[in-house]
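Labels like "buried" or "oblique" are easy to throw around. Let's go through a few of them and ask what backs each one up.

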Amino acid sequence: MHEAYDIHHVQEKWLPIWDEIAPFRSGKKDDPRPKKYVLDMFPYPSGDLHMGHAEAYALGDVIARYWVQKGFNVMHPIGWDAFGLPAENAAIKRNEDPSIWTYENINTQRASMRRYACSFDWDRVLYTCDPTYYRWNQWIFLKLYEKGLAYRKDSAVNWCPDCQTVLANEQVVAGLCERCDNPVTKKKLNQWYFKITDYTERLLKDMEQLEGKWPEKVLTMQRNWIGKSTGAEVKFEIEGRAEPVVIYTTRPDTLYGATFMVVAVDSELARELASGTSIESDFNKYFDSVKAASDIDRLSTERPKSGIFLKRYAINPVNGERIPIWASDYVLADYGTGAIMAVPAHDQRDLDFARAMKLPVRVVVATEADDPAVSGVATDGDGKLINSGSLNGLSTSEAIKKVISELEAKGLAKATSNFRLRDWLISRQRYWGTPIPIIHCEKCGEVPVPLEQLPVKLPDSKSVDLKPKGSSPLATAKDWVNVNCPKCGAMAMRDTDTMDTFVDSSWYFLRYTSVDKDDRAFDLDEVKTWLPVDQYVGGVTHAILHLLYSRFFTKALFDMGMVDFNEPFTRLLNQGMVIMDGSAMSKSRGNLVRLSDELERHGVDAIRLSMVFAGPPEDDIDWADVSPSGSVKFLNRAWRLSGDVTSKVGVDFQTGDIALRKVTHKALHDISFAIESFRFNVAVARVMELVNATRKAIDSGCGGPDPAVREATETVAIALSLIAPYTAEEMWERLGHKPSVALAGWPKLDESLLTEEAVTAIFQINGKIKSRVEVSPTISDSELEAMALADQGVKSELGSTAPKKVITKAPKFVNIVL
RNA sequence: GCCCCUGUAGCCCAAUGGCAGAGGCAGACGACUUAAAAUCGUCCAAGUGUGGGUUCGACCCCCACCGGGGGCACCA
């Protein structure tokens, strides 16, 4: 047995020592070091940590530990996103309070994080299910309510029959509930919303600040989700109706091509236009059939168009033409005005509808393509306007401008934009969440719970019927529900919905600064010290939901003067997933490889190292490609160096072997650069190189007593302290240092050691390499060029031909063009 | 259907427009060993998905196509 260290013994040895030293407690107010706020997305406490957590927290840890070594005052907190359905479902199954299951899991995860050597500041921990946290959820809710940013409305909402609760638009993926994958239906309910649509423009515009600092992919996804479109609203007179109908279009240039109008079947307008007419009963039949269809069917673009003619007519404002009005489900009630002008020649959906209903098609934009009426393919590209009165001959963009200004002058149109983003539906009909702090009084209406009465604590789960039944479980807690109205004192009722858990996570990064404060959500001074988050680390699964909501909260709080920045996360790193046989390894998808087994077999350090080394952080890791035993081997190799160093602590490195010193400082430089650009796999490769070079120096070079060997080995230990803390600590101790290596400080780079004595220059002819020579790195262009022209290999190749051109870039190459 | 990312040794992955290979896995051989494991050392392999273009020079920039991944998708 070659010398190696006992992983498990080493792990048990260092944990209590680290608890004692607490190297990652963030500094207090008077700390002179510059600050860094490194934040990992907090976990949901669903059982123990899994492989996905292992990757995410390994990456966040490298960043946090690096900045500590570089002399920053780093805040790296952790908490639990502890409200949510799984706890409630477990509680129903086990017939006990959801908090029991929740805190059991939290304790398990916390112990695992400690063992996994996560560099969290254990003095800054929060649990969103704790009243000391959700109290401030309620407080923020009331602040938003005051500003008109929280409101209630009736509407057809997404309803998951399986989870027995409503869902936000963002939680419906392709017509399925993102949590349970069951089809989502529509249900008409009175629900609470946050008015995120007030912030669409700013959410879009402020992304400019994030350019280059957030993954482009996430920015694109957010832009798509917000979905801005620009166009115009145009007024159409309706025969037999006093008020005109306003439609929204992105192509006002095609107004002359509008051959009919379509209103959303589920809109108020459709109902009104149909009422009292001969087709009213047919309309109702059609309306009912649409309502019965699931979202899944509705979303299918393959589905044939359906609709009903309302026997009413609108007047096209550009040409006075009388066009029929239809109702259909292909027009959405809650986008734009719920009514459109249909231009079948230049919009595929309108064309499909026109063909199905035998409605006329009129081309008004001339393109090379076939006639849409014949081909069935709408031409939506640019072209010259025809059949369009004063617009004839104009290009698409010119026509848009002209027609808007013409109609605007008559008060018939205005340029406007529309957004895909809808308001954020936050009420949930479940127990395990933050109660909405509103009291409903027959006389006074909605009455906010007075701030001094917060928190509105959840009633004891024993007094509540938790079983899903489509209404809020809180309604069954009679003692809790019935209260006096804070305004008039009459008997009133509490709101029985709880908040979406995304509310909890929309501001938790602020709470970390002030977890010890029980008189405010967060302390402005502390927030000014720490925020915004310098580095946020988490999965791309939250690219839209959580990040968009957090950005919205930050802007709303900014407007209320509660924070002094408008984007919460300066830099974002999205790690990939850990996959196996093509599917993600997470709790919900089934743990294919158990983290605890891997840790038992290979040790914490080897797993952390494997995660960091597997590839670029944003790429998925296929566990089949990872070799934890290779990591074990490398860590032992690194560790053995520390036993071969025979010089004393404090020996003058300047006197060490120059060749090894150069390797060390080059490595140091490259490691820093790689880490700061998130290329952790490259950083590891550089450490491996340094280990290899040091091994060689010990065995067949300057030898163990040389100070350069100590310098190299200490550098390895410090570099490894970011990735493999146990091994690094062992090395540091064997090198004669006191713990902890986590606080050793990043070695100072000696720039003078980065320059090479000699570099290899290449001589090319027509870009092909003909010979190489060793030259000084400071050689001039002209010197190098002279050398190239005098070179034997080049000369024989050249013969008598005179070079057409010579390109020289000292000291790297000369290219002779013939 | 639209948009984005991606394609380098058997595999995972590196290469400011300038010598295609840093590192690892797997493999082969050797040293140590009675032997094996462990360890140490040596070696092995691709011309960068395909076809064009720009350039003195392209894995890198541009265009098209093919394969893989992701996002959006009746939002007018």
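Q: Why is aspartate 479 called exposed?
A: Its relative accessible area is 78%, and exposed means over 50%, so aspartate 479 makes the cut. Bear in mind that this is a predicted model. Aspartate 479 sits in helix H14, residues 478-481.

Q: What separates the C-alpha atoms of aspartate 479 and isoleucine 621?
A: A gap of 52 Å, with the two residues 142 apart along the chain.

Q: Why does asparagine 73 count as buried?
A: Buried means under 20% relative accessible area; asparagine 73 has 4%, so buried is the right word. This residue lies in strand S2, residues 73-75.

Q: Which residues does asparagine 73 touch, leaving aside those up to four places away in sequence?
A: Among them are Ser26, Gly27, Asp31, Arg33 and Trp530.

Q: What makes alanine 117 worth a look, and is this residue buried or exposed?
A: Phi of alanine 117 is near 65 degrees, which is positive in a residue other than glycine. The relative accessible area is 2%, against a limit of under 20% for buried, so alanine 117 is buried. You'll find alanine 117 in the loop between helix H4 (98-115) and strand S4 (125-127).

Q: And why is asparagine 387 given the label partly exposed?
A: The label covers what falls between buried, under 20%, and exposed, over 50%. Asparagine 387 comes in at 48%, so partly exposed is where it goes. Asparagine 387 also has a positive phi, about 50 degrees, without being a glycine, and is found in the loop between strand S17 (384-385) and helix H13 (396-409).

Q: Why is H20 called oblique to H23?
A: The axes of H20 (residues 604-613) and H23 (residues 680-700) cross at roughly 120 degrees and come within 7 Å. Roughly perpendicular runs from 65 to 115 and roughly antiparallel starts over 145, so H20 ends up oblique to H23. Where they meet, Leu609, Val612 and Phe613 in H20 contact H23 residues including Phe680, Val684 and Met688.

Q: How do you know that the bond between leucine 531 and proline 532 is cis?
A: Look at omega: about -5 degrees for that peptide bond. Proline 532 lies in the loop between helix H17 (524-530) and strand S26 (535-539). The bond from leucine 454 to proline 455 is cis too, with omega near 0 degrees; proline 455 has its place in the loop between strand S22 (445-448) and H14.

Technical notes. Residues are numbered from 1 along each chain as its sequence is written. Chains are lettered from A and ligands numbered from 1 in the order in which they are written. This is a predicted model: local features need pLDDT of at least 70, side-chain atom pairs count only at pLDDT 80 or more; totals for chains, interfaces and linings use all residues. Side-chain values use heavy atoms; hydrogens and water are left out. Axes are lines fitted to C-alpha atoms, for helices over the stretch in contact, and angles run from 0 to 180 degrees between N-to-C directions. Helices (H or I, at least four residues) and strands (E, at least two) are DSSP runs, numbered from the N terminus. Angles under 35 degrees count as roughly parallel, over 145 as roughly antiparallel, 65 to 115 as roughly perpendicular and the rest as oblique. Contact means heavy atoms within 4.5 Å. Buried means under 20% relative accessible area, exposed over 50%, partly exposed in between (1.4 Å probe, protein chains only).
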